[in-house]
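Please open the model in a viewer and keep the sequence panel visible beside it. The tour proceeds by selections, each followed by a description of what is found there.

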Amino acid sequence: MDTVPLAYATDSTLVLLTVEEAARRLQIGRTVCYRLIRSGELESITVGHLRRVPADAVPEFVFRRRKNQHTARTAARGVHA
């Protein structure tokens with residue numbers, strides 16, 4: 001029997017995610033996710049009147065954040081990357 005709660009199950013075949021699904025994957029709140037979308041940090045598109053986040057935009061967002069934080073930490077230590 002699968003022990004993963006249904007709310008946390010992810011369908012890797014999805015191409016577009018709802019904002020709520022993207023927020024769940026990022027483990028952030030819906031409001032924060034909308035803020036990231038509004039600021040342009042997290043890519044989204046509209047389909048009709050619906051807001052959707054491309055599934056591949058989630059790992060891209062995480063990659064950029066990790067890269068930026070690494071660069072900031074390296075600069076703070078005075079080390080050239």
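**A pair of helices**

In this predicted model, begin by selecting α1 and α3, which pack at an angle of about 45° with their axes 10 Å apart. Because of that angle, α1 is oblique to α3. The crossing of α1 and α3 is right-handed.

Next, display the side chains where these helices meet. From α1, select Ala22, Arg25 and Leu26; from α3, select Val58, Phe61 and Val62, since these residues make the contact. Sorted by class, the contact of α1 with α3 holds five nonpolar residues, one charged residue and no polar residues.

**The nonpolar core**

Now select Ala22, Cys33, Ile37, Leu42, Val53 and Val58. Within the largest nonpolar core, which has 14 residues, these touch the most other members. The elements that supply two or more residues to this core are α1 (19-26), α2 (30-39) and α3 (57-77). The greatest contribution comes from α1, with four residues.

Which residues does Ala22 touch, leaving aside those up to four places away in sequence? Centre the view on Ala22 and select Leu17, Cys33, Val53 and Val58, which are its contacts on that basis.

**The whole chain**

Finally, return to the full view and colour by secondary structure. The protein chain has three helices and three strands, and along the sequence they follow the pattern β-α-α-β-β-α. Of the 81 residues in the protein chain, 22% are buried. Among contacts in the protein chain with a separation of 6 or more, 41% are between residues 24 or more positions apart.

Note on methods. Residues numbered from 1 in each chain as written. Predicted model: local features only at pLDDT ≥ 70, side-chain atom pairs only at ≥ 80, totals over all residues. Heavy atoms only, no water. Core = buried A, V, L, I, M, F, W, Y, C linked by side-chain atoms within 4.5 Å. Buried < 20%, exposed > 50% of the residue type's maximum accessible area, 1.4 Å probe, protein only. Contact = heavy atoms within 4.5 Å. Axes fitted to C-alpha atoms, helices over the stretch in contact; angles between N-to-C directions. Parallel < 35°, antiparallel > 145°, perpendicular 65-115°, else oblique. Left-handed = near helix turned anticlockwise from the far one by under 90°. Nonpolar A, V, L, I, M, F, W, Y, C, P; charged D, E, K, R; others polar.
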